[in-house]
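Here are a few worked exercises to try with the model open beside you. Pick your viewer, take a moment with each task, and then compare your steps with the solution.

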Amino acid sequence: MTRIPEKDRDIMEQAIYLPMVLVVLNRDLSVVENSPFKLKKPYLELIEETMKEVQKELSIVKNYLKKNNLKVEEVKRDDAFTMFLFIYKGYEEQHNYFNPRIRNKVQELMVHYLFKRFKTMTAEQKESG
């Protein structure tokens, strides 16, 4: 049983996932830079702008963690699981994450940042317009 409220746990998980999203996007950026695409610039700009957005979100998450005395640290990793230590206002909890679940969540976040956030913006603009 966890002592960490769901909202805080969700934010702590973002501190796990968002850096991983940045790692993947950074790798993809170098792949596109070294690719034989005829017109690389649109792809590079999409990845770079997405990285900026993820970095903004990560900054907000880090500020929240610092302000609320929360920490997340990777403890150990093997082929199947990664264990994280969540420090919540002095309490320590270890949480085990199945690596394919982490990968799926990172992929879900990438889809959000690359595509769905634009659909959300468009829907909000239609509602206000």
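**Exercise 1.** Are Phe84 and Tyr97 buried or exposed, and how are their rings arranged?

*Solution.* Start with accessibility: Phe84 and Tyr97 are both buried (buried is under 20% relative accessible area, exposed over 50%, partly exposed in between, with a 1.4 Å probe and protein chains only). Before going on, a word on the input: this is a predicted model, where local features need pLDDT of at least 70 and side-chain atom pairs count only at pLDDT 80 or more, while totals for chains, interfaces and linings use all residues. Residues are numbered from 1 along each chain as its sequence is written, and side-chain values use heavy atoms, leaving out hydrogens and water.

Next, the rings: Phe84 and Tyr97 form an edge-to-face aromatic pair, 5.7 Å centre to centre with 75° between the planes. Rings of Phe, Tyr and Trp (its six-membered ring) pair if their centres lie within 6.5 Å; planes under 30 degrees apart are stacked, over 60 edge-to-face, and the rest tilted. Finally, place the partners: Phe84 is in strand β2 and Tyr97 in strand β3, 13 residues apart (helices, H or I with at least four residues, and strands, E with at least two, are DSSP runs numbered from the N terminus). Ring pairs also join Phe84, Phe86 and Tyr97 into a cluster.

**Exercise 2.** Find the aromatic pair formed by Phe81 and Phe98, and classify it.

*Solution.* A search of the whole structure gives four aromatic pairs. In this one, the centres of Phe81 and Phe98 are 5.4 Å apart and the planes meet at 50°, a tilted pair. Phe81 lies in β2 and Phe98 in β3 (residues 91-98), 17 residues apart. Now check exposure: Phe81 is partly exposed at 36% relative accessible area, and Phe98 is partly exposed at 41%.

**Exercise 3.** Which residues have the most contacts inside the largest nonpolar core?

*Solution.* The core holds 30 residues, and those with the most contacts inside it are Tyr17, Leu18, Val21, Leu25, Val54, Phe86 and Tyr97. A nonpolar core is a set of buried Ala, Val, Leu, Ile, Met, Phe, Trp, Tyr and Cys residues joined through side-chain atoms within 4.5 Å. Then ask who supplies it: α1 (6-33), α2 (41-67), β2 (81-88) and α3 (99-128) each give at least two residues, with α1 giving the most, 10 residues.
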